[in-house]
Amino acid sequence: MIDRQIDRPRIDGQTARKIKLIYRATANVTANTVQRSRRGRAILAGTRAIARSFGRVLHQLWLEVTGFTFLAIAGIGALAGMREYGKYQSGHAAGPGRLVLAVCFTVSFIWFGLSSFWRGRKRAKG
């Protein structure tokens, strides 16, 4: 095994600016070439439509997944609340504080989950 460090080229600020300018110029030339042709405009319009559709679907999926996650966490909070209620009823709990906290936690996460599903449904209709 060789114990020497490999020297990698470092990019300073000026080189990064040059690369950025070359990339921007290439993108501008490509965009102008595409928009001048009829086929290019059609491909660009189709790509935008597909991207918009996928964006809507992915946002819908995001809302539904976060809603499910919040409801699952609320379920865990409900189980903790039931456990604290059992302790409170048997007299092993110091007070109702942890029970109240578990109930507030569960209610708030149920609200977050349902509102996420409602937002997803509202977005799907609109």
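## Helix α3 and its partner α2

**Exercise 1.** Work out what span helix α3 (residues 97-125) should have in this predicted model, and check it against the ends of the helix.

*Solution.* Start with the count: α3 has 29 residues. At 1.5 Å a residue, taken over one less than the number of residues, the helix should span 42 Å. Now look at the end C-alpha atoms: they are 42 Å apart, which agrees.

**Exercise 2.** Run the check on α2 (38-90), then see what comes just after this helix.

*Solution.* α2 has 53 residues, and 78 Å is expected at 1.5 Å a residue. From first C-alpha to last, α2 reaches 78 Å, close to that expectation. Just after α2 sits Gly91, with a positive phi of about 90°.

**Exercise 3.** Find which residues of α3 are buried, and what they pack against.

*Solution.* Take buried as under 20% relative accessible area. In α3 that gives you Leu99, Ala102, Thr106, Phe109, Gly113, Ser115, Ser116 and Gly120. These buried residues pack against α2. Turn to α2 and the buried residues include Gly67, Ala74, Gly77 and Gly81. Their cover includes α1 (13-36) as well as α3.

**Exercise 4.** Describe how α2 and α3 pack: what are the angle and the axis separation?

*Solution.* First the geometry: the angle is about 160°, and the axes lie 7 Å apart. Angles over 145 degrees count as roughly antiparallel, so α2 is roughly antiparallel to α3. Next, the handedness: the crossing is left-handed. Finally, sort the contact residues of this pair: 19 are nonpolar, 10 polar and 6 charged.

Note on methods: Residues numbered from 1 in each chain as written. Predicted model: local features only at pLDDT ≥ 70, side-chain atom pairs only at ≥ 80, totals over all residues. Heavy atoms only, no water. Helix = DSSP H or I, 4+ residues; strand = E, 2+ residues; numbered from the N terminus. Buried < 20%, exposed > 50% of the residue type's maximum accessible area, 1.4 Å probe, protein only. Contact = heavy atoms within 4.5 Å. Axes fitted to C-alpha atoms, helices over the stretch in contact; angles between N-to-C directions. Parallel < 35°, antiparallel > 145°, perpendicular 65-115°, else oblique. Left-handed = near helix turned anticlockwise from the far one by under 90°. Nonpolar A, V, L, I, M, F, W, Y, C, P; charged D, E, K, R; others polar.
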